[in-house]
Amino acid sequence: MGKTGFGERIKNFFGLGRPRDELFEDLSELLVEGDFGAAEAFKTVEALEADCKKNRITSPEEIRERLAVLLEAMLRAPALPDEDGGVILLLGVNGVGKTTSAAKLASYYASKGRRPILAAADTFRAAAVDQLKIHGERLSIRVVAHKQGGDPAAVIYDALEAVRAGGGDLVIADTAGRMHTKSALVEELRKIDRVAASKSEGYQKYLVLDSTTGRNALAQAEIFNDAVALDGVILTKYDSSARGGIAFSLAGSLGLPVVWLCDGEGYGDLHPFDPHAYAREFTGLE
Ligand code: GDP
């Protein structure tokens with residue numbers, strides 16, 4: 001996992017010898033700075049305060065330990081899909097790392113003995129299709145693509161047909177990330193959603209979020225989740241300057257689990273999300 005530096009801040013914060021009531025008050029602010037939504041931050045600190053009172057915990061170090069436990073409990077260990085004939089659909093705005101994540105997932109599943117097929121359902125940008133083809137060549141993984149401007153649902157349909165014909169056992173689909181506020185995109189996503197849901201054996205919809213965008217990521221999650229009920233999130237660029245609180249906000253306010261964490265551009269820089277390690281790193285405990 002990447003080092004975000006925010007854990008250091010939490011660690012230092014608890015080492016400053018503040019009076020207890022100030023500590024709890026200031027902690028909410030610090031969590032907000034760490035990309036927690038305000039409501040989640042207050043709720044978490046309230047629960048922490050009650051927990052410490054009940055268990056007569058007074059030392060800052062012990063309070064930090066309790067915080068890590070509480071934060072971990074907000075997160076869920078990922079359920080990784082393993083259905084044959086399934087689809088993993090990657091959604092998200094441009095630049096968050098969708099295409100790269102599609103390639104990383106394909107590489108991951110291939111390394112587990114699966115036969116993924118990449119579906120270039122971002123038919124909007126020729127560059128995205130080309131990029132996916134390059135990954136496919138490097139990884140020796142088949143890429144199903146249509147011409148630019150084509151119907152993305154048809155690309156997914158064809159990829160699933162290829163699975164049915166024995167050419168693979170899992171479809172990983174990249175989609176277009178034009179501004180999510182455009183109703184046309186929402187309509188397009190719903191159409192893709194219908195095709196994938198009706199034609200596949202198992203189906204997961206992951207939103208790809210750039211963890212360095214902070215709380216704006218939560219707004220993106222709300223919009224995509226409203227359009228097509230999401231199953232989880234892939235957090236990318238955790239190796240950059242991410243503060244990490246977004247994972248708790250996603251869980252707390254939308255009930256959305258982070259499923260994968262990416263901490264680099266390489267194929268191997270994708271890891272099943274580990275709530276324990278994540279919560280401890282966030283609190284500087286590791
Ligand atoms: P898309 O527009 O959502 O498909 O985004 P891309 O997959 O093209 O990625 C955009 C940029 O982010 C590329 O330069 C990627 O190499 C980079 N990127 C993606 N994931 C990560 C990550 O986990 N860490 C870092 N440092 N860069 C990443």
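A residue counts as near the ligand if one of its heavy atoms lies within 4 Å of it. With that cut-off, 18 residues surround the ligand in this predicted model. The closest are Gly95, Lys98, Thr99, Thr100 and Glu265.

Some polar contacts there. A backbone N or O atom of Gly97 is 3.0 Å from a ligand oxygen atom. For Lys98, a polar backbone atom and an oxygen atom of the ligand are 2.8 Å apart. Thr99 uses its side chain: one polar atom of it lies 2.7 Å from an oxygen atom of the ligand.

Next, the sheet. It is open, has eight strands and shows mixed pairing. The order is β3-β2-β4-β1-β5-β6-β7-β8. At the edges are β3, residues 143-144, and β8, residues 270-272, each of which pairs on one side only. Further in, strands β6, residues 232-236, and β7, residues 258-262, run parallel and are joined by three bridges. Within that pair, Ile234 has Trp260 of β7 as its bridge partner.

Two helices that pack on this sheet. Helix α6, residues 126-139, touches β2 (116-121), β3 and β4 (170-175). The direction of α6 makes about 165° with that of β2. Helix α7, residues 152-164, also packs on the sheet, with β1 (86-91), β2, β3 and β4 as the strands it touches. For α7, too, the angle with the direction of β2 is about 165°.

Now the N-terminal helix, α1, which spans residues 6-14. Which residues of α1 are buried? They are Phe6, Gly7, Ile10, Phe13 and Phe14. These residues sit on the same side of α1, because they cover an arc of only 120° around the axis. In general, an α-helix has 3.6 residues a turn, so residues three or four places apart point the same way. The cover over the buried residues of α1 includes α2 (20-33), α4 (60-74) and α11 (275-282).

Last, two backbone angles. Most residues other than glycine have a negative phi. Ser140 has a positive phi, near 55°, and is found in the loop between α6 and β3. Is Ser140 buried or exposed? Its relative accessibility is 68%, so Ser140 counts as exposed. Lys237 also has a positive phi, near 60°. Lys237 is placed in the loop between β6 and α10, the latter being residues 246-254. With 30% relative accessibility, Lys237 counts as partly exposed.

Key:
Residues are numbered from 1 along each chain as its sequence is written. This is a predicted model: local features need pLDDT of at least 70, side-chain atom pairs count only at pLDDT 80 or more; totals for chains, interfaces and linings use all residues. Side-chain values use heavy atoms; hydrogens and water are left out. Buried means under 20% relative accessible area, exposed over 50%, partly exposed in between (1.4 Å probe, protein chains only). Helices (H or I, at least four residues) and strands (E, at least two) are DSSP runs, numbered from the N terminus. The arc is that of the directions from the helix axis to the C-beta atoms. Contact means heavy atoms within 4.5 Å. Two strands pair if DSSP finds at least two bridges between them. Axes are lines fitted to C-alpha atoms, for helices over the stretch in contact, and angles run from 0 to 180 degrees between N-to-C directions. A polar contact is a pair of N or O atoms within 3.5 Å; within protein, one must be able to donate a hydrogen and the other to accept it, and residues adjacent in sequence count only if both atoms are side-chain atoms.
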